[in-house]
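This report goes through one protein model step by step. Look at the sequence and the structure first, then read on.

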Amino acid sequence: MRLLLIVLVATAAWAAEPLELERGRAVYRDACEACHGREGDGKGPGAANLTPRPRNFVTGSFKFRSTATGDRPLLRDIVRTVTSGIRGTWMPAFGPILPASDLRAVSAYVLAFGPKEDPPDQLVGELQPLADTPALRDRGKALYETLQCGQCHGPEGRGDGPAAATAVDDQGQSAAPLDFTIGLYKAGSSPEDVYRTFVTGLDGTPMPSYGDSLPKEEDRWALVHYVRSLSRSPGIFRWLFAPRTSWE
Ligand code: HEC
Ligand code: HEC
């Protein structure tokens, strides 16, 4: 009896994956293939004129990862992107329209287009942000200069550094370094999101990974708070309720 139970449980666990991929394929056909292509090569019928182009999933190179540069992302990285979308691009946010089980299934299906390797190590796990203080921002400003983020992002973070004009991605399309003063981040603007971006880098773009050059947690959060402090866009509440000031 006990043996039978073990066999049954083992079979159920084995069957779960193909079932999830089946479901993932169905969701993919409905919601993704018009842009990303039936074969996941980024060449769907709706992809031709989009900048940046929809990702080619076959190469296994992804921008938004919690894994080291060059590694494929974890399932949860894909789920995060598919849920929130990529701001300022044609990649929609599916969180509001798909149930959690479908978000997961379609993300597993996306990963299955890529190389079949062992799951990579997670480089950035659960984060505990250090509080934003003026001292930490000053330190972040100094690091921004030492690490020469301004070469691409500009000395004041306006996305106008000397290397910005010639920056291209792995598809040969222009890849503009973010203008931090606008404050609209593709991968989300929370301190955790910004931390993940420069620690792991954005593969396929000129944005490098700074994990090795910034081993200290304190330095990483210093840079996060400095970069986020450059945002000049007034939030909607400030716009509605603040006394009228010079940004009008
Ligand atoms: C209207 C076109 C469009 C549709 C529909 C679309 N995408 Fe995308 N997707 C894009 C574009 C464009 C990018 C590239 C954005 C960039 O490189 O900044 C992208 C990028 C991605 C990425 C790459 C993120 C990374 O880390 O590099 C993933 C994963 C993704 N899409 C998943 C999906 C899934 C899953 C669906 C369906 C549920 C979907 N997309 C539907 C246009 C689309
Ligand atoms: C060689 C050029 C280059 C350098 C140097 C560089 N970046 Fe970037 N960075 C880019 C590009 C290009 C993008 C936009 C990529 C994209 O949109 O796909 C980017 C995007 C970003 C983003 C936004 C990610 C998002 O969610 O939209 C952050 C944050 C960032 N960089 C931080 C930094 C920090 C901090 C430094 C210095 C430690 C730095 N970058 C140095 C080229 C660079």
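In this predicted model, the site of the iron atom of ligand 2 is octahedral, with angles of 88 to 179° among its six donor atoms. The protein supplies His 153, through NE2, and Met 207, through SD, and these coordinate the iron at 2.0 to 2.1 Å. His 153 belongs to helix H6 (residues 150-153), while Met 207 sits in the loop between helix H7 (191-200) and helix H8 (217-229); the pair links distant parts of the chain, 54 residues apart. Is His 153 buried or exposed? His 153 counts as buried because its relative accessibility is 11%, and the cut-off for buried is under 20%.

The iron atom of ligand 1 also has its own site. That site is octahedral, and the angles among its six donor atoms are 87 to 179°. Here the protein donors are His 36 (NE2) and Met 91 (SD), which lie 2.0 to 2.2 Å from the iron. His 36 is in helix H2 (residues 33-36) and Met 91 is in the loop between helix H3 (75-84) and helix H4 (100-112), so the pair ties together parts that are 55 residues apart in sequence. His 36 has a relative accessibility of 10% and therefore counts as buried.

The table sets out the two iron sites.

| Iron atom | Protein donors | Distances | Angles among the six donor atoms |
|---|---|---|---|
| Ligand 1 | His 36 (NE2), Met 91 (SD) | 2.0 to 2.2 Å | 87 to 179° |
| Ligand 2 | His 153 (NE2), Met 207 (SD) | 2.0 to 2.1 Å | 88 to 179° |

Next comes the chain as a whole. The chain has nine helices and zero strands. Buried residues make up 39% of its 248 residues. Of the contacts between residues at least 6 apart in sequence, 58% join residues at least 24 apart.

Two of the helices can be looked at as a pair. Two packed helices are described by the angle between their axes and the distance between the axes. For helix H5 (residues 134-146) and H8, the axes come within 7 Å and cross at roughly 90°. H5 and H8 are therefore roughly perpendicular to each other. Residues of H5 in this contact include Leu 136, Gly 140, Leu 143 and Tyr 144, and residues of H8 include Trp 221, Leu 223, Tyr 226 and Val 227. By class, the contact has eight nonpolar, three polar and five charged residues.

Tyr 144 of helix H5 deserves a separate look. Tyr 144 is buried, because its relative accessible area is 2%. Leaving aside residues up to four places away in sequence, Tyr 144 touches, among others, Leu 223, Tyr 226 and Val 227, as well as His 153. His 153 is one of the residues that coordinate the iron atom of ligand 2. Another residue that Tyr 144 touches is Pro 155; the two are 11 residues apart in sequence and 8.7 Å apart in space, from C-alpha to C-alpha.

Two points of backbone geometry remain. Most residues other than glycine have a negative phi, and most peptide bonds are trans. Gln 148, in the loop between H5 and H6, has a positive phi, near 60°. Thr 51 and Pro 52 are joined by a cis peptide bond, with omega about -10°. Pro 52 is in the loop between H2 and H3.

How values were computed:
Residues are numbered from 1 along each chain as its sequence is written. Chains are lettered from A and ligands numbered from 1 in the order in which they are written. This is a predicted model: local features need pLDDT of at least 70, side-chain atom pairs count only at pLDDT 80 or more; totals for chains, interfaces and linings use all residues. Side-chain values use heavy atoms; hydrogens and water are left out. Donors are N, O and S atoms within 2.8 Å of the metal (3.2 Å for Na, K and Ca); water is not among the atoms, so sites may look incomplete. Four donors count as tetrahedral if all angles lie between 85 and 135 degrees; four count as square planar and six as octahedral if opposite donors are over 155 degrees apart and all others between 65 and 115; anything else is irregular. Helices (H or I, at least four residues) and strands (E, at least two) are DSSP runs, numbered from the N terminus. Buried means under 20% relative accessible area, exposed over 50%, partly exposed in between (1.4 Å probe, protein chains only). Axes are lines fitted to C-alpha atoms, for helices over the stretch in contact, and angles run from 0 to 180 degrees between N-to-C directions. Angles under 35 degrees count as roughly parallel, over 145 as roughly antiparallel, 65 to 115 as roughly perpendicular and the rest as oblique. Contact means heavy atoms within 4.5 Å. Ala, Val, Leu, Ile, Met, Phe, Trp, Tyr, Cys and Pro count as nonpolar, Asp, Glu, Lys and Arg as charged, and the others, Gly among them, as polar.
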